[in-house]
Amino acid sequence: MAITRSKNEQIAALTGGGDAPGLNAVIRGLTTKAISLGYDVLGIRDGWRGLLDDGENAPLDLDEVEDIHMTGGTVLHTSRTNPYKVEGGVKQVKKNLVRLNCKYLVAIGGEDTLGVAAKLYKDGVNAVGVPKTIDNDLSETDYTFGFDTAITRAAEAIRNLHTTADSHHRVIVVEVMGRHAGWMTLEAGIAGGAHAILLPEEEFDIDELCTIVENREKKGKHYTIIATSEGAMPKGGELKFKDTKLDAFGHKILGGTAEQLAKKLEEMTGKECRYVILGHLQRAGSPTAFDINLGTRLGIHAAEMIDKGEFGMMAALHGTKIVSIPLEKAVGKLKTVPKYRIEEAKLFYEV
Ligand code: F6P
């Protein structure tokens, strides 16, 4: 690979928040492009924590990143540490960037990680962002990498559940991740042939779910698959989440929706109900080709943004192009499922 010029300048790269398949493709794309432009890259360990402590941060070279794009997880490891919630945290991050001789910072993460990057930029750090989340809930980018892998896994699981549900004449409720956005449940639910899809964007009606189950019974279809988001809620009621703890960014740890719904449906329909929580299986393992390619392109673009001095910006997918948009715009508002997409799914309900 031809190095155009040696700048003797270093870029710090970190991955924060939940891991997403495709992170290693970003790291490889970024490192390869940055080295070709004459920069050095320092891999920061464990997200923002690596800039707070004297972490095991280490330089990334071409050998190190060769072939990592095909693997899941993040070679840099991750955490949900928020430097703005740690006393003196921001000062420490800035001090460590200077100590580590890093003039630039690439933060690869979701709303939380990018929110920190946006604030650090305002506080004088030459930061750029790369959007990542299996939830696909980041504004200003059409898709985030990790999402395609997660829905591929979830769709396969939902599809496979048909045979066991059918054999036992059961209702199976499948819980899908995604926090307060229902993208994963919607797209995996449609692809996996779920008979009802429950999203955080619209409260669901338990009576309507019973009707779906009963109508299928009348047609001789003695089983029903319901895909529910971990953050879905019933009309006028509340489901209790398993955990009441909050993480460093103030998020509730969700989970428990499918279990409660399955219990309720068994009571109301008299049918045997089971539930499955897909959980971290959705983001574990190797990325799909789509996520590898998207991650690679975003990583390359991030290196170009540094080279052009586009700080305070994020690489984003607009149609088929990778563009730079202000970080602040991306983290201001969650991208949730619009009503017309929910209506499309309902077209297939047997109500
Ligand atoms: O934001 C990604 C995500 O996988 C959500 O879909 C889920 O609610 C959350 O992370 C789980 O977080 P953790 O890995 O901390 O359990």
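Visitor: What makes the shell around the ligand divide into nonpolar, polar and charged residues?
Guide: The split is two nonpolar, two polar and five charged. Asp, Glu, Lys and Arg count as charged; Ala, Val, Leu, Ile, Met, Phe, Trp, Tyr, Cys and Pro as nonpolar; the others, Gly among them, as polar. This is a predicted model: local features need pLDDT of at least 70, side-chain atom pairs 80 or more, while totals for chains, interfaces and linings use all residues. Numbering runs from 1 along each chain as its sequence is written, and side-chain values use heavy atoms, without hydrogens and water.

Visitor: Which residues are around the ligand?
Guide: They are R80, I134, D135, M177, G178, R179, E230, H280 and R283. Each has a heavy atom within 4 Å of the ligand.

Visitor: Why is the E230 pair with a ligand oxygen called a polar contact?
Guide: A polar contact is a pair of N or O atoms within 3.5 Å. An N or O atom in the E230 side chain is 2.6 Å from a ligand oxygen, so the pair qualifies.

Visitor: Why is the ligand said to lie between domain 1 and domain 2?
Guide: Domain 1 (10-145 + 287-330) and domain 2 (149-283) both give residues to its shell, so the ligand lies between them. The bounds come from an automatic or database domain assignment.

Visitor: How many residues of each domain are in contact?
Guide: Contact means heavy atoms within 4.5 Å. By that cut-off, 17 residues of domain 1 touch 15 residues of domain 2.

Note on methods: A polar contact is a pair of N or O atoms within 3.5 Å; within protein, one must be able to donate a hydrogen and the other to accept it, and residues adjacent in sequence count only if both atoms are side-chain atoms.
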